[in-house]
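Reader: I am new to this structure and would like to take a close look at a single part of it, followed by an account of what surrounds that part. Please go slowly and keep the pieces connected.

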Amino acid sequence: MTDQPIPSIKLKPILVSACLLGLPTRYDGKTKRSQAVIDYLQRENLVPIPVCPEQLAGMTTPRDKTFFVCGDGYDVLADNGQVISAQVISEKGRPMNAVFCKGAKLVLQIARLSDCRHALFKERSPSCGVHEIYQEDERVPGVGVTTALLINAGLDVISEEDL
Ligand code: SF4
């Protein structure tokens with residue numbers, strides 16, 4: 001009997017918002033598990049790398065809800081500290097730009113360490129939003145802070161609503 005070569009399956013890594021995979025990482029301690037996301041990962045032979053930028057930045061779970069007051073993730077990254085063109089705050093009014101930038105940088109570091117060029121993120125989160133975010137209670141076009149940093153670094157980012 002001859003040894004048959006083991007068929008090689010090409011598996012590609014992809015960063016995935018941890019809450020979409022069923023991890024209870026949301027500000028309210030809940031998940032946003034998406035069967036469509038899990039089916040997509042299996043169908044496309046993708047290896048998910050779960051990330052939660054807000055937990056990576058050291059925020060607790062549960063934690064205060066956060067949202068943009070003005071601007072979006074790109075503006076937060078571009079903010080030079082002199083003119084505030086973007087602001088993420090917690091529901092108690094605490095400024096969160098620095099914390100969100102910290103989480104974004106750690107996610108980018110994970111992407112580089114795992115040679116990952118793609119991300120599948122949760123829509124409308126102030127960290128992970130891809131097409132829309134919340135400014136106060138209003139849904140507006142824009143990206144989250146981590147999404148902005150990954151796109152600036154050349155990664156492809158899609159949301160669960162693109163599937
Ligand atoms: S920061 Fe991203 S991964 Fe973490 S709970 Fe919010 S949407 Fe999910």
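In which helix is Thr-146 found?

Author: Thr-146 is found in helix α5, and before going further it should be said that the model is predicted. Its relative accessibility is 0%, and because buried means under 20%, Thr-146 counts as buried. Leaving aside residues up to four places away in sequence, Thr-146 touches Pro-53, Gly-103, Ala-104, Val-107, Phe-121 and Ser-127.

The helix itself, α5, covers residues 145-152 and packs on the sheet, where α5 touches β1, β5 and β8. The direction of α5 makes about 160° with that of β5.

That sheet is an open one of four strands, paired in parallel and arranged in the order β2-β1-β5-β8. The edges are taken by β2, residues 46-51, and β8, residues 156-159; each has a single partner strand, so one side of each is left without a neighbour in the sheet. From one strand to the next the twist averages 30°. As a general point, the strands of a sheet pair through backbone hydrogen bonds, and the pairing is either parallel or antiparallel. Here β1, residues 12-17, and β5, residues 118-121, run parallel and are joined by two bridges, and Val-16 has Leu-120 in β5 as its bridge partner.

Two of the residues that Thr-146 touches, Gly-103 and Ala-104, lead on to Lys-102, which is found in helix α4, residues 97-113. Whereas Thr-146 is buried, Lys-102 counts as partly exposed, because its relative accessibility is 46%. Between the C-alpha atoms of Lys-102 and Pro-13 there are 22 Å, and along the chain these two are 89 residues apart.

Another part to consider is the largest pocket, which holds about 550 Å³ of space. Its lining is made of 26 residues, and those nearest the centre are Arg-26, Tyr-27, Arg-124, Ser-125 and Pro-126. Sorted by class, the lining has 10 nonpolar, five polar and 11 charged residues. Helix α2, residues 53-56, and strand β3, residues 66-70, each supply at least two residues of that lining.

Arg-124, one of the residues nearest the centre of the pocket, deserves a further word about its backbone. Arg-124 lies in the loop between β5 and β6, the latter being residues 132-135, and its phi is positive, at about 75°, although Arg-124 is not a glycine. With 15% relative accessibility, Arg-124 counts as buried, because the limit for that class is under 20%.

Two other loops also call for attention to the backbone. In the loop between α1, residues 35-43, and β2, Asn-45 has a positive phi, near 55°, in a residue other than glycine. Because its relative accessibility is 35%, Asn-45 counts as partly exposed. In the loop between α2 and β3 lies Pro-62, and the peptide bond leading to Pro-62 from Thr-61 is cis, with omega near -5°. For background, most residues other than glycine have a negative phi, and most peptide bonds are trans.

To return to the starting point, Thr-146 is found in helix α5, and helix α5 packs on the sheet.

Conventions:
Residues are numbered from 1 along each chain as its sequence is written. This is a predicted model: local features need pLDDT of at least 70, side-chain atom pairs count only at pLDDT 80 or more; totals for chains, interfaces and linings use all residues. Side-chain values use heavy atoms; hydrogens and water are left out. Two strands pair if DSSP finds at least two bridges between them. Axes are lines fitted to C-alpha atoms, for helices over the stretch in contact, and angles run from 0 to 180 degrees between N-to-C directions. Contact means heavy atoms within 4.5 Å. On a 1 Å grid over the protein atoms alone, a cavity is a set of points where a 1.4 Å probe fits but cannot get out, and a pocket is an open set with protein on both sides within 12 Å along at least five of seven lines; lining residues have an atom within 4 Å of a point. Grid points are joined across faces, edges and corners, and a volume is the space filled by probe spheres set on the points. Ala, Val, Leu, Ile, Met, Phe, Trp, Tyr, Cys and Pro count as nonpolar, Asp, Glu, Lys and Arg as charged, and the others, Gly among them, as polar. Buried means under 20% relative accessible area, exposed over 50%, partly exposed in between (1.4 Å probe, protein chains only).
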